[in-house]
Amino acid sequence: MIRIGVPKSIDAWLSIALLPFKAYVATGYPFLQLFHLGCSVASSPAYGFSMTEGAILSGYVPAALVLMAGAIVQVCRKESDDSLNTFLFAVVPVVLLVLIYTGG
């Protein structure tokens with residue numbers, strides 16, 4: 001039986017607060033590729049991105065910052081086992097942005 005209720009610990013609340021940012025990191029790149037395929041003009045950093053692609057990419061910066069801050073809080077609390085997971089979610093957008101803008 002699955003029990004759904006209000007989280008009782010700070011770690012559970014923090015995990016819930018970070019969930020939208022993790023979801024954005026996980027779904028942003030597939031949506032970027034979807035919009036990129038739908039564009040009729042060549043879009044790459046050399047030619048510029050469409051407004052939709054720019055919006056998706058610019059959302060990665062605040063998501064990475066929030067996830068990095070969340071990982072630091074989780075490490076400092078020492079009660080959460082999600083700190084490595086959150087840290088990896090914070091590193092992914094940085095790596096993707098570097099790869100996209102350097103053409104790698």
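Student: Which helix is S83 found in?
Tutor: A quick heads-up: this is a predicted model, in which local features need pLDDT of at least 70, side-chain atom pairs count only at pLDDT 80 or more, and totals for chains, interfaces and linings use all residues. Residues are numbered from 1 along each chain as its sequence is written, and side-chain values use heavy atoms, with hydrogens and water left out. Helices are DSSP runs of H or I with at least four residues, strands are runs of E with at least two, and both are numbered from the N terminus. S83 belongs to helix α3.

Student: Is S83 buried or exposed?
Tutor: Here's the scale: buried means under 20% relative accessible area, exposed means over 50%, and partly exposed is in between (1.4 Å probe, protein chains only). S83 has a relative accessibility of 17%, so S83 counts as buried.

Student: Which residues is S83 in contact with, leaving aside neighbours within four places in sequence?
Tutor: Contact means heavy atoms within 4.5 Å. Along the chain, I72 is 11 residues from S83, yet their C-alpha atoms are 7.4 Å apart. With those sequence neighbours left aside, the contacts of S83 are A71, Q74 and V75.

Student: How far apart are the C-alpha atoms of V73 and S83?
Tutor: V73 lies in helix α2, and its 39% relative accessibility makes V73 partly exposed. Along the chain, V73 and S83 are 10 residues apart, and the separation of their C-alpha atoms is 8.3 Å.

Student: What span does α3 reach, from its first C-alpha to its last?
Tutor: The expected span of a helix is 1.5 Å times one less than its number of residues. α3 has 20 residues, for which 28 Å is expected. The model comes close to that, with α3 reaching 29 Å.

Student: And which residue takes a positive phi just after α2?
Tutor: α2 has 27 residues and reaches 39 Å, close to the 39 Å expected. Just after α3, G103 has a positive phi of about 80 degrees. Just after α2, a positive phi of about 55 degrees is taken by K78.

Student: Which two residues meet in a salt bridge?
Tutor: A salt bridge is a side-chain nitrogen of Lys or Arg within 4 Å of a carboxyl oxygen of Asp or Glu. The structure holds one, and its N to O distance is 3.0 Å. The pair links distant parts of the chain, 66 residues apart, with one residue in α2 and the other in α1. Those partners are R77 and D11.

Student: Which of R77 and D11 counts as buried?
Tutor: R77 has a relative accessible area of 29%, so R77 is partly exposed. The residue that counts as buried, at 11% relative accessibility, is D11.

Student: What is the nearest side chain of opposite charge to K22, and how far away is it?
Tutor: For charge, Lys and Arg count as positive and Asp and Glu as negative, while His and the chain ends are not counted. K22 is found in α1, which covers residues 10-38. K22 touches L67, N85, T86 and F89, not counting residues up to four places away in sequence. K22 is buried without a salt bridge, and its nearest side chain of opposite charge is D82, 5.3 Å away.

Student: Which element gives the largest share of the largest nonpolar core?
Tutor: A nonpolar core is a set of buried Ala, Val, Leu, Ile, Met, Phe, Trp, Tyr and Cys residues joined through side-chain atoms within 4.5 Å. The largest one has 13 residues, and V25, L32, L57, Y60 and L67 have the most contacts inside it. The elements that each give two or more residues are α1, α2 and α3. The largest share, five residues, comes from α2.

Student: How many helices are there in the protein chain?
Tutor: From the N terminus on, the elements run α-α-α. Zero strands are present, and the number of helices is three.

Student: In which helix is confidence highest?
Tutor: pLDDT is the predictor's confidence in each residue, from 0 to 100. The protein chain has a mean of 82, and 82% of its residues reach 70 or more. Confidence is lowest in α1, at a mean of 85, and at a mean of 88 it is highest in α3.
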